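The following exercises ask the reader to work through one chain, from its overall make-up to its pockets and strands. Each task is followed by a worked solution.

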Amino acid sequence: MEQNSSHPEADDITAQTAEVLGELAKEGKLGPGKVVVIGTSTSEVAGKRIGTAGALEIAQALLQGINEVKDAYGFEVAVQCCEHLNRALVLERSLLERLGLTEVSAVPVPKAGGSMAAAAYRSLQEPCLAETIEAHAGMDIGETLIGMHMRRVAVPYRTARRYIGEARVTTALSRPKLIGGERAVYQLDDISNTSTCD
């Protein structure tokens, strides 16, 4: 009751976030062992210019939606900091160690790291920062530019919902590189159409 009376927009933000990420997770078959990178401008969600009106309250509503989907599908999340921390990533230490990522040192705060990274850092069991990652999928809320942390090859995915709050949302999945040129085969049922190579 206090959530609805004092923050009526928080429930909408949570629901919209879960809707977008849930669609991406379903389409990309994201589950255990997969990593999703999240970039967010809480200012843009609030209808303000990126970097001008960050809000921990909005970040917490977004995190709630993200965690609902993460818990349902079993993938892991890395939250991108803003450029003041060189777009480092907030994640659980267990993920950093499992992937052998390079750790960097800082504690994100709203003015240096961003409200979303600050909220994510405080929500984790053993938070740390990684310099970079190669995520299987990504969700960019407010045009924060997450491409540097996506696996090659990143493929844009257009979700049914295009905005979370007032922020434009862009999502992407990834696929392995296609190799081999014009004689290469990419699906098992095409093998009968190929000639020998040796």
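The chain contains six helices and nine strands, where helices (H or I, at least four residues) and strands (E, at least two) are DSSP runs numbered from the N terminus. The model is predicted, so that local features need pLDDT of at least 70 and side-chain atom pairs count only at pLDDT 80 or more, while totals for chains, interfaces and linings use all residues. Residues are numbered from 1 along each chain as its sequence is written, and side-chain values use heavy atoms, with hydrogens and water left out.

**Exercise 1. Describe the chain as a whole.**

State the span of the C-alpha trace along its principal axes, and the percentage of residues that are buried.

Solution. Begin with the span: the C-alpha trace extends over about 70 × 35 × 30 Å along the principal axes. Next, consider burial, for which buried means under 20% relative accessible area, exposed over 50%, and partly exposed in between (1.4 Å probe, protein chains only). Of the 198 residues in the chain, 41% are buried. Then take the surface: the accessible area is about 11200 Å², and carbon and sulfur atoms account for 49% of it; such areas come from the Shrake-Rupley method with a 1.4 Å probe, and for residues only the protein chains shown count as cover. Finally, examine contacts, meaning heavy atoms within 4.5 Å. Among contacts between residues at least 6 apart in sequence, 68% join residues at least 24 apart.

**Exercise 2. Characterise the largest pocket.**

Determine the volume of the largest pocket and which residues lie nearest its centre.

Solution. The search uses a 1 Å grid over the protein atoms alone: a pocket is an open set of points where a 1.4 Å probe fits, with protein on both sides within 12 Å along at least five of seven lines, and lining residues have an atom within 4 Å of a point. Grid points are joined across faces, edges and corners, and a volume is the space filled by probe spheres set on the points. On this basis the largest pocket has a volume of about 490 Å³. Its lining has 25 residues, and nearest the centre are Ile 50, Gly 51, Cys 82, Pro 110 and Gly 114. The elements giving two or more residues to this lining are α3 (42-45) and α6 (115-123), and the largest share, three residues, is that of α6.

By class, the lining of the largest pocket holds eight nonpolar, 13 polar and four charged residues. Here Ala, Val, Leu, Ile, Met, Phe, Trp, Tyr, Cys and Pro count as nonpolar, Asp, Glu, Lys and Arg as charged, and the others, Gly among them, as polar.

**Exercise 3. Examine Pro 110 and the helix that follows its loop.**

Is Pro 110 buried, partly exposed or exposed?

Solution. First locate the residue: Pro 110 sits in the loop between β4 (103-104) and α6. Pro 110 is partly exposed because its relative accessibility is 41%. Beyond its neighbours within four places in sequence, Pro 110 contacts Leu 56, Ser 115 and Ala 118. Leu 56 is 54 residues away along the chain, yet the two C-alpha atoms are separated by 7.6 Å.

Now turn to α6, in which seven of the nine residues are buried. Ser 115 and Ala 118 are among these buried residues. Their cover includes β1, α3, α4, β2, β3 and β5 (127-130).

**Exercise 4. Trace the strands that pair with β9.**

Which strands pair with β9, and in what sense?

Solution. Two strands pair if DSSP finds at least two bridges between them. Strand β6 (residues 137-141) pairs with β9 (residues 167-174) in the antiparallel sense over five bridges, with Met 139 opposite Thr 171. Strand β7 (residues 154-157) is joined to β9 by four bridges, also antiparallel, and here Ala 154 faces Ser 174. Strand β8 (residues 163-164) pairs with β9 through two antiparallel bridges, among whose residues Tyr 163 stands opposite Arg 168. As a last step, note the turn: β8 and β9 form a hairpin with two residues between them, and Gly 165 in that turn has a positive phi of about 60°.
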